[in-house]
Amino acid sequence: VLEFFFERRRRRKLTHQLAESRSAHSETEIRLSRELQEAATQQETLFDRMIEGVLILDGQGKVRLVNAALRDLFGLTGELQGKRLIETVRSHGLQEIVLHAKEVGHVTGQELMISSGVENKHFAVNASSFKESSSRTGVIVILHDLTGMKNLESGRREFVANVSHELRT
C-alpha cells in the first residue's frame with residue numbers, strides 16, 4: 001500500500017513537471033514565432049525602402065522577390081512571384097545580364113537602356129548569382145536608375161554644342 005502511494009505521488013510529480021515543460025515549450029515557441037515574424041517584417045520593410053530596384057530570381061529564372069522601387073521603375077503591378085523575368089520586365093538586355101551572371105557568378109556596372117514607349121530609361125545593373133540548392137543557381141539583380149543623370153548629360157552636350165555653334169557663327 002505504501003508503495004502504491006509513493007508511485008502515485010511520483011506520477012503526479014512527473015505529470016506536473018511534464019505540464020510545466022509543455023507550458024515552457026509553448027511559450028518559447030510563441031516567442032520564437034513572434035521574433036521570426038518581426039524579423040521578416042523588418043526585412044520586408046528594409047527591402048521595400050531601398051532606392052535601388054531589387055529583383056531576386058530563383059534557379060528556374062522565375063521571380064521570387066521584387067521590391068517597391070523596381071515596381072515603380074518599370075510600372076509593374078499585380079502578382080509577379082513565380083513569373084519569368086521576360087514576362088515581368090520584358091527586356092532581353094536584362095535577360096542576357098542575368099544569364100551572364102549565372103555563368104560567370106557576377107556582373108557589375110553593366111549599363112542597360114530600356115525603351116518604354118515615350119522615354120528611354122537608363123540603368124546601372126549589378127547582378128550576382130547564389131546557390132539555391134546543389135543543382136540550382138538563383139540570381140539577385142540590383143538596378144540603379146541613371147535616367148536623370150543621362151538626361152542631364154544630354155542637356156549639357158546640347159548646351160555645349162549650341163554655345164560652340166554660336167561662337168563659331
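**Entry 1: strands**

I began with Ser128 and looked up its bridge partner in β5, which turned out to be Ile140. I note here that I am working from a predicted model, so what I write down describes that model and nothing beyond it. Ser128 led me to the pairing of strand β4, residues 119-131, with β5, and I found that these two strands run antiparallel and are joined by nine bridges. I then followed the chain from β4 into β5 and saw that a hairpin joins them through five residues.

Next I asked myself which other strand pairs with β5, residues 137-145, in the antiparallel sense. I found strand β1, residues 53-57, which pairs with β5 over five bridges. For one position in that pairing I looked up Val54, and its bridge partner in β5 is Ile142. I also reminded myself that side chains in a regular strand alternate between the two faces of the sheet.

**Entry 2: Phe47 and Asn67**

I turned to Phe47, which I located in helix α1, a run covering residues 2-49. Is Phe47 buried or exposed? I recorded a relative accessibility of 15% for Phe47, and because the cut-off for buried is under 20%, Phe47 counts as buried. Leaving aside residues up to four places away in sequence, I listed the contacts of Phe47 as Val54, Ile56, Leu65, Val66 and Asn67. Val54 in this list is the residue I had already met as the bridge partner of Ile142 in β5. I also checked Phe47 against Ile86, and the two are 39 residues apart in sequence and 22 Å apart in space, taken from C-alpha to C-alpha.

I then went to Asn67, which lies in the loop between β2 (63-66) and α2 (68-74). Its relative accessible area is 0%, so I entered Asn67 as buried. With residues up to four places away in sequence again not counted, I found that Asn67 touches Phe47, Asp48, Met50, Glu52, Gly53 and Val54.

**Entry 3: aromatic pairs**

How many aromatic pairs does the count come to? I noted two aromatic pairs. One of them is formed by Phe4 and Phe5, which I entered as edge-to-face, with 5.5 Å from centre to centre and 70° between the planes. I looked up the accessibility of both rings' residues as well: Phe4 has a relative accessible area of 52% and is therefore exposed, whereas Phe5, at 45% relative accessibility, counts as partly exposed. The cut-off matters for this reading, because exposed means over 50%.

Definitions and conventions:
Residues numbered from 1 in each chain as written. Predicted model: local features only at pLDDT ≥ 70, side-chain atom pairs only at ≥ 80, totals over all residues. Heavy atoms only, no water. Pairing = 2+ DSSP bridges. Helix = DSSP H or I, 4+ residues; strand = E, 2+ residues; numbered from the N terminus. Buried < 20%, exposed > 50% of the residue type's maximum accessible area, 1.4 Å probe, protein only. Contact = heavy atoms within 4.5 Å. Phe/Tyr/Trp six-rings, centres within 6.5 Å; stacked < 30°, edge-to-face > 60°.
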